[in-house]
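Student: I have a protein model open and would like to learn how to read it. Could you go through it with me, one feature at a time?

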Amino acid sequence: MRQHLWREVWRQLREARGMALVAVLLLAVGGAWAMLAASFLQWGRAGLLRAAKEAVVVAVLADGSEPAQLQAAVASRFPQARTVSFSPKELGQTLAGWAGGAAGESLLPAALSITVAAADAEGLKQFLRTHPGVAAVSSSQEWVGPALSGFSLALRLAGLLASILVFAFAALVVLAVRLLVLSHADEIAIMRLIGAHEEDIRAPYLVASTLLGLLGGASAVGLALLGRAILAPWIHLPPFSPTYLLATVLAGGLAGVLGAAVGVRSLHQEP
């Protein structure tokens with residue numbers, strides 16, 4: 001019986017061809033999309049949390065003021081602050097890199113970039129404004145609020161779109177496997193007429209569809225890892241956990257089983 005089962009499974013996989021390829025490709029593309037979308041959402045939420053917890057305050061120094069003195073004053077008042085000083089030359093090089101051209105060093109002041117907890121940003125601004133060596137003060141909190149709101153909305157929309165596409169791909173996979181089973185409707189009807197047990201009829205289709213689903217799930221993992229490697233120079237997405245990778249492969253197998261089960265149940269039952 002076991003040899004007959006695997007012989008039937010292999011025969012169905014050989015005959016499936018185009019339809020099986022469609023099911024595997026749907027699982028691969030849909031699964032990879034779901035994995036990358038979930039990873040991107042996780043990366044975005046982590047960025048939102050970091051931006052909400054910390055603030056960057058920039059102090060532009062007045063002519064003749066020394067950054068070291070201001071750094072010492074900030075460290076005394078805000079011990080947890082992280083400061084980075086920019087001389088006119090360093091500031092010119094940084095701006096030139098952003099603007100793609102040269103910046104006149106003689107026209108630029110020295111500056112100090114200070115990273116503090118978001119709760120301390122306002123207090124630090126007030127402290128810097130009263131310091132005689134500071135000409136101007138600006139904080140990331142002035143624009144980060146609206147930016148976070150817009151980015152948070154974009155993440156929600158992306159999550160909704162990802163969920164819709166995942167369900168759509170899952171439905172298409174089930175439909176493809178169902179059509180694969182229905183293409184053998186005449187063969188199944190004959191087996192029922194000669195008295196074959198229902199379990200013996202269903203088993204090859206369930207096993208074959210499961211194998212196709214597992215292959216599609218494994219292909220999805222491969223595509224997702226490839227996509228993450230391609231995006232790595234621009235976006236540092238969090239790594240996929242082994243549990244998540246295994247769950248993706250098993251989800252592909254489950255989609256295959258579900259499609260086969262729906263297909264078998266859709267067949268006309270002989271009286």
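**Reading the model together**

Tutor: Let's start with one residue: Leu172 counts as partly exposed because its relative accessibility is 41%. The rule is that buried means under 20% relative accessible area, exposed over 50%, and partly exposed in between (1.4 Å probe, protein chains only). Leu172 sits in helix H6. Helices (H or I, at least four residues) and strands (E, at least two) are DSSP runs, numbered from the N terminus.

Student: What kind of model is this, and how are its residues numbered?

Tutor: This is a predicted model, with residues numbered from 1 along each chain as its sequence is written. Local features need pLDDT of at least 70, side-chain atom pairs count only at pLDDT 80 or more, totals for chains, interfaces and linings use all residues, and side-chain values use heavy atoms, leaving out hydrogens and water.

Student: What is the mean pLDDT of the protein?

Tutor: pLDDT is the predictor's confidence in each residue, from 0 to 100. Here the mean is 81, and 90% of the residues reach 70 or more. Among the elements, helix H5 (residues 121-129) has the highest mean pLDDT, 91, while helix H4 (residues 88-99) has the lowest, 62.

Student: Which residues form the nonpolar patch on the surface?

Tutor: Patches are made of residues with over 30% relative accessible area and no salt bridge; like charges are joined within 9 Å, and nonpolar side chains (Val, Leu, Ile, Met, Phe, Trp, Tyr) within 5 Å. Accessible areas come from the Shrake-Rupley method with a 1.4 Å probe, and for residues only the protein chains shown count as cover. In this model, Leu172 joins Met19, Val22, Leu175 and Leu179 in a patch with about 380 Å² of accessible area together. Helix H2 (18-53) and helix H6 (141-182) each give two or more residues to the patch, and H6 gives the most, with three.

Student: Why do the buried residues of H3 line one face of the helix?

Tutor: An α-helix has 3.6 residues a turn, so residues three or four places apart point the same way. In helix H3 (residues 67-77), the buried residues are Pro67, Leu70, Ala73 and Val74. They line one face because, seen down the axis of H3, they fall within an arc of 125 degrees. That arc is taken from the directions from the helix axis to the C-beta atoms. The face turned away from this buried side carries the exposed residues Gln69 and Ser76.

Student: Which residues are buried in helix H7?

Tutor: In helix H7 (residues 185-193), they are Ile188, Ala189 and Arg192. They cover an arc of only 100 degrees around the axis, so they are on the same side of H7. Asp186, Ile190 and Leu193 are exposed on the other side of H7.

Student: How many salt bridges does the structure hold?

Tutor: A salt bridge is a side-chain nitrogen of Lys or Arg within 4 Å of a carboxyl oxygen of Asp or Glu. The structure holds one. Glu54 pairs with Arg82, and their closest N and O atoms are 3.3 Å apart. Glu54 lies in strand S1 (residues 54-61) and Arg82 in strand S2 (residues 82-86), so the pair ties together parts that are 28 residues apart in sequence. Glu54 is partly exposed at 35% relative accessible area, and Arg82 is partly exposed at 46%.

Student: Is Ala224 buried or exposed?

Tutor: Ala224, in helix H8 (residues 198-231), counts as buried, with 0% relative accessibility.
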